[in-house]
Amino acid sequence: MHYLMEGLEAAELYRKASEASEMHWLTTRTGNYVPMVWLRREKIVTEREVRDEVLLHCHGNATDIGMMMGPYYELAKVLGIEVCGVEYAGYGAASGRASSGNTYADVEAAYDYLVSKGIEPKRIVAYGQSVGSGPATALASKKPLGGVVLHSPLLSGIKVVDPKPDVCCRPSCVWSCFDFYPNDRRVRHLLCPLFVMHGQRDDIIPFYHGYRLHKACPKQYRWPPYFPPRAGHNDLVETDLRTYFGEVSSFLQDVRHIAEGKKVDPPDFEKPQQVQMRRETEPRQVEMADLSDYFAQGSENQPKVGPEDGRYEELRKGNILAQFGPNEANGQARDLR
């Protein structure tokens with residue numbers, strides 16, 4: 001594969017990601033033609049234990065799978081897994097237009113392709129980042145999965161712009177018939193483990209979204225969350241690399257044990273009056289050598305998954321004319337409905 005974005009082709013990390021990946025073109029049930037990248041473990045992980053899990057990654061709004069190849073490679077390398085990333089219709093090289101309905105079909109097509117290639121559903125983990133939490137949660141409501149990871153997720157599309165979550169006449173109440181990505185309703189019916197991560201300083205999708213999604217999940221599938229107090233929306237990983245990868249690794253280890261038929265209950269971690277909830281047992285320690293490429297490229301090169309132009313803040317103030325138009329040149333968010 002070749003990168004169209006200037007600078008990525010010359011970056012060492014992105015070159016390694018390209019060499020380790022396969023690209024497949026999928027036709028979705030809505031008739032769109034979308035690319036899928038699949039980073040294979042045998043081209044990345046050597047000389048240590050590998051895992052059978054495949055992470056089906058649903059990226060955020062202000063990026064595409066080309067920009068995400070670096071993070072995909074690091075997830076695969078550090079965690080010893082395979083990572084699959086699918087493009088949404090209307091993004092990157094995919095055909096069609098951006099819409100919530102199309103993202104559902106795009107992710108389902110990637111899931112069906114993995115299963116057709118012999119990947120057991122119980123070894124597929126959907127990973128939804130930011131807006132990607134919508135299609136990831138929708139997939140979990142329709143298809144069997146080993147688990148779900150929600151990274152800086154939203155309660156629903158319109159609830160993102162609520163100025164306060166419980167006031168009367170808030171946007172999500174007034175415009176409820178136009179809402180999309182109803183994650184808060186879908187997680188109540190999950191039948192697989194859920195792991196939620198959300199930075200407490202997130203000013204794009206407020207922290208309470210992740211917290212309430214975690215609490216809404218049935219207790220038997222509610223895994224301990226990761227709520228770093230210093231992280232925002234676009235720096236949850238970089239704020240504490242070791243802890244991030246350790247927490248995700250611990251969750252994937254539980255998913256693997258469940259897939260092997262072992263009885264695994266969510267670790268008992270609930271502590272009243274605390275919002276920074278952590279595991280009672282220490283997460284798996286990852287070798288910092290595994291993160292050398294991540295440090296080498298610098299956090300400033302990490303793709304932004306949410307808009308940073310203040311549009312959500314303007315909407316929370318009542319400015320309903322705030323623009324949500326696509327702008328691929330500068331990475332601004334698209335309008336997903």
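This section describes a sheet and the packing of two helices, H3 and H4, in a predicted model.

The sheet is open and comprises 7 strands, arranged in the order S1-S2-S4-S3-S5-S6-S7 with mixed pairing. Its edges are strand S1 (21-27) and strand S7 (194-197), each of which pairs on one side only. From one strand to the next, the twist averages 20 degrees. Strands of a sheet pair through backbone hydrogen bonds, in either the parallel or the antiparallel sense. The antiparallel sense applies to strand S2 (residues 33-39) and strand S4 (residues 82-86), which are paired over 4 bridges. Within this pair, Val37 has Gly85 in S4 as its bridge partner. Helix H4 packs on the sheet, where it touches strand S3 (54-58), strand S5 (124-129) and strand S6 (147-151). The direction of H4 makes about 150 degrees with that of S5.

Helix H4 (residues 133-142) also packs with helix H3 (residues 100-116). The angle between the two helices is about 60 degrees, and their axes lie 9 Å apart. H3 is therefore oblique to H4, and the crossing in which H3 passes H4 is right-handed. On the H3 side, the contact involves Thr103, Tyr104, Val107, Glu108 and Tyr111. These residues meet Gly134, Pro135, Ala138, Leu139 and Lys142 of H4. Classified by residue type, the contact of H3 with H4 contains 6 nonpolar, 2 polar and 2 charged residues. Helix H4 thus has contacts with H3 as well as with strands S3, S5 and S6 of the sheet.

How values were computed:
Residues are numbered from 1 along each chain as its sequence is written. This is a predicted model: local features need pLDDT of at least 70, side-chain atom pairs count only at pLDDT 80 or more; totals for chains, interfaces and linings use all residues. Side-chain values use heavy atoms; hydrogens and water are left out. Axes are lines fitted to C-alpha atoms, for helices over the stretch in contact, and angles run from 0 to 180 degrees between N-to-C directions. Angles under 35 degrees count as roughly parallel, over 145 as roughly antiparallel, 65 to 115 as roughly perpendicular and the rest as oblique. A crossing is left-handed if the near helix is turned anticlockwise from the far one by less than a right angle, and right-handed if clockwise. Contact means heavy atoms within 4.5 Å. Ala, Val, Leu, Ile, Met, Phe, Trp, Tyr, Cys and Pro count as nonpolar, Asp, Glu, Lys and Arg as charged, and the others, Gly among them, as polar. Two strands pair if DSSP finds at least two bridges between them.
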